Structures are given as structure tokens and as C-alpha cells.
Amino acid sequence: MKDAAEPAIPVERALEIVLRETAPLEEERVALPCALGRILSEDIAADADQPPFAKAMMDGFAVRSSDVATVPIQLSVIEEISAGKMPLRSLLQGQAAKIMTGAPLPDGADAVQMVEKTRSPAEDAVVILERVASGANVAPRGRELKRGQKVLSIGELLTPARIGVLASVGRGSVTVRRRPRVTVIPTGDELVDCESAPGPGQIRNSNGPSLLAAARLLRAEVEDGGIVKDDSVALSQSIARGLRSDLLLLSGGVSMGEYDLVEKALEEEGVEIYFRKIAIRPGKPAVFGRKGSCLVFGLPGNPVSSLVIFAVFVASALRKMQGAPEVHPGALSAILAQPVSQRPGRTAYLPGTLRFADASVRIEPLPTTGSADLAAYSRANALYVIPSDRDRLEAGECVRVLPLDSTLR
Ligand code: AMP
Ligand code: MG
């Protein structure tokens, strides 16, 4: 049970523990259309040179650059080569071939003069109006990639461009780590579903939907465990079901109140608890444990607190499960736009607006009434960090920031 005197552990230490207990999930093979946002668990090499042949980069005429050293000069046009066709003949002295962007250069040619710098007096003749250097407007074979060269590495997030790279090297499917299964259980006697009108003393359950969404954004397969009352039996039953996932998130019921029963229920269900309090603001009462391969977070009920703990700790665990390299949340920095202060002793993660302005990245603190102010938090695109030993940060200081709602990176 929670001991009022038990000290809260520093954020860094809590993160270390979370990552220590988090194991990457098994690998699976996915088809390219399903690979967006997943993390590679194999290295990828080019299967062939890219481009696979010397390729025209302009519409125009393939020439021998030595033929056009003095211009204007008329050459005879021996064929037309479009993209997807192979040249039929080699270019001899005094000859040119009409060529389209993407088409293979004929043997003997070493440059392309763009059509705008030519004149065509007849079907089988071209006048080259300007000189071209050897290699001009030609991508030599293997310019972008050499066969066997590594193009993507284990741990890389599959972005649209990287999916394009996979396709270009002939990979229709890739190995990634499977998506974590996450169950979310909001707890509290006062909670009603978002579509109900709250009765006296009741509030709508916002943590359920927001935490499910946060997990989905990190590619989790989510399950809504449903609202559970502050009742030991009901809690135990729901927890037992939730422990079948890879990660179980509970919200509420982890403070010092009479009806804060989550921790006890977790222990009764065999969850080993590693910490119960973090020296963080907001979100101090945050429980973390594990049973078998299921990680469990008991998040504070206040909506902002639960999302902050998610952003700092849960997101890191979900990323590691999927094979992402461990990136410290708050590894980026920005210039603070206004002074801020806090009572020292805890690391504060506060809502702000990150702006790219005047060649610098600035963070503007947002006004907020605190951990229940979900509306203010929803305006933020980042959190800024006040270290636990600081009571004030000045405008112009460099602060650590944690962008919100970005993907797996
Ligand atoms: P607790 O952590 O259970 O003491 O709850 C702290 C505060 O968060 C209380 O004001 C609760 O009403 C509120 N709260 C708890 N769970 C939720 C929820 N699922 N959605 C919105 N607010 C909640
Ligand atoms: Mg409660």
C-alpha cells in the first residue's frame, strides 16, 4: 500500500526502471501498405544499382559531348528512346538520339542536351545550339545506390519516403516488431460515459478516450476496458482481464484517498510494483509495475496528469516495445519566451506552444490552472521542463522540450 512517507523517485530514475522492465515485442512480417509508422527490425540493402542504367535526366537529345564542342552543329537523329525502352543502336560520331527523361542512354553517348537548347530542322536531324559537358543531364548507373549498399537500418521508423525506398529495392514486405496490445481502464465512482449527462457529483470519463487515443497514435492495438467503480472486486476482475495485454493503463484511484484502491488490487492480482510516486509535476502519484510480460501503469485521475505521465513514461515504453531506439523524452531544447516559476523539488512538465520563428525554436508557456485543465493542455503542442532544482527560469533560457502527439520518433 501507499506509504505517505515513501519518497517520490526522480523522473530519470523512474524512466530507467520503466525501460529496464520493457522488452521489445516479437517480430512479424508486414506488407508494405501496412508498414507506415512501424519500426524496422531488419537492415535493408539495395538489390541492384540505382539507377540500374545510365539514365537521361531531361527530355532532349543524347549526344557525344565531343561532337558538340563547337556549336551550332547539326547531327543526324538515329532513333527515339522513351522511358521503359532500350536503345537499339550505339551512337557514332555525328549522331544523336531523341531521348525522354528516365530513358536509358545509348552506348557512345555521354550527355543529354535539353530540348530547349536544340532546333529540329527535320525528323531525322537536330541542331544543337549550346555545348554540353560530358555527363551533363545524365544520372550514371548506381549514382544513388550501389547493389548491396545498406539503405535502411534496424530501429528506423517507416516514413512515407522510407516505404518508397523499400519499394524501390524490391521489398513488398518487411520485418517489424508487432504492435503492442494496450488496455485502458478508467476507474472512479464519479465517472459516466461521455454520452451520458452527468448526475450530481458525476463527471464524464475523459481519460478513457484520451488515453486510448494516445496509445493508438503510437500504433498500439487498443482495448477499452470500460469504466470501473472504486470497488475492489470489480477492479480485480477488470485488472485480471487487462493483464492479458502487453500494457495495462489504469487511470484514477492511485492517490492517498480512502477509495484509491488500484494499487492494492494490482498487488492482489500479482503485479510487482516498482514505484508508486514520481517527483514530477503534474502526476506525482503514478504507479508502475509488471506481471509476466504485461507492464502496468496506474496513472493519476487528473486528466492532464495522466496524459503527462503517458507522454513521459508510457510513450517511451511503447516505443521500446516496437523496437525504436531509446530517445530520452525531453531531449530537444528551445528558447523560453517568458519567465516561469515553480516550487522546487519536482520536475515540472508544463504545456506550451513550440514555434519555429526567426531562425530559432521558441517555446511559449500556456496559461493553465493545473492538472485538471485539460482544455488548456489541449492547446499545447509541446511540454517544457522545469528541472526539480530550479524555482525560476528566465525568458531567453534554453529549456528542454517534449513535443506532443508526434509519432514514434
Ligand atoms: P483520482 O486520481 O481518482 O483521485 O482522481 C483525481 C481527479 O481526476 C478527480 O477529480 C477525478 O474526478 C478526476 N478523474 C478521475 N478519473 C477521470 C477520468 N477517467 N476522466 C476525467 N477525470 C477523471
Ligand atoms: Mg478516484
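Threonine 187 is buried in this predicted model, with a relative accessible area of 5%. The residue belongs to the loop that runs between β13 (181-186) and β14 (191-192). Its side chain makes a polar contact with the backbone oxygen of glycine 252, at 3.3 Å. Leaving aside residues up to four places away in sequence, threonine 187 touches Val228, Asp230, Leu235, Leu250, Ser251, Gly252, Gly253 and Val262.

The strand that precedes this loop, β13, is part of an open sheet of six strands. The order across the sheet is β16-β13-β17-β21-β20-β18, and the pairing is mixed. Strands β16 (221-224) and β18 occupy the edges; each has a single partner strand, and therefore one side of each lacks a neighbour in the sheet. On average, neighbouring strands are turned by 20° against each other, direction ignored. Helix α4 (residues 232-242) lies across three of these strands, namely β13, β17 (247-251) and β21 (294-299). The helix runs at about 150° to β17.

At the β18 edge, attention turns to the pairing with β20. In general, strands of a sheet pair through backbone hydrogen bonds, in either a parallel or an antiparallel manner. Here β18 and β20 run antiparallel and are joined by three bridges. One residue pair in this region is phenylalanine 275, whose bridge partner in β20 is phenylalanine 288.

Side chains also connect these two strands. The structure contains three aromatic pairs, one of which is formed by tyrosine 274 and phenylalanine 288, with 5.9 Å between the ring centres and 35° between the planes, a tilted arrangement. Because tyrosine 274 lies in β18 (residues 272-275) and phenylalanine 288 in β20 (residues 287-291), this pair ties together parts that are 14 residues apart in sequence. Phenylalanine 288 also pairs with phenylalanine 297: the ring centres are 4.9 Å apart and the planes stand at 45°, so this pair is tilted.

Both phenylalanine 288 and phenylalanine 297 are buried: the relative accessibility of phenylalanine 288 is 0%, and the relative accessible area of phenylalanine 297 is 2%. Since burial requires a value under 20%, each of these residues meets the criterion. Taken together, ring pairs link Tyr274, Phe275, Phe288 and Phe297 into a cluster. Tyrosine 274 has a further partner in arginine 20, whose charged end sits over the tyrosine ring, 5.5 Å from the ring centre.

Note on methods: Residues are numbered from 1 along each chain as its sequence is written. Chains are lettered from A and ligands numbered from 1 in the order in which they are written. This is a predicted model: local features need pLDDT of at least 70, side-chain atom pairs count only at pLDDT 80 or more; totals for chains, interfaces and linings use all residues. Side-chain values use heavy atoms; hydrogens and water are left out. Rings of Phe, Tyr and Trp (its six-membered ring) pair if their centres lie within 6.5 Å; planes under 30 degrees apart count as stacked, over 60 as edge-to-face and the rest as tilted. Helices (H or I, at least four residues) and strands (E, at least two) are DSSP runs, numbered from the N terminus. Buried means under 20% relative accessible area, exposed over 50%, partly exposed in between (1.4 Å probe, protein chains only). A charge sits over a ring if NZ of Lys or CZ of Arg is within 6 Å of the ring centre and within 35 degrees of the ring normal. A polar contact is a pair of N or O atoms within 3.5 Å; within protein, one must be able to donate a hydrogen and the other to accept it, and residues adjacent in sequence count only if both atoms are side-chain atoms. Contact means heavy atoms within 4.5 Å. Two strands pair if DSSP finds at least two bridges between them. Axes are lines fitted to C-alpha atoms, for helices over the stretch in contact, and angles run from 0 to 180 degrees between N-to-C directions.
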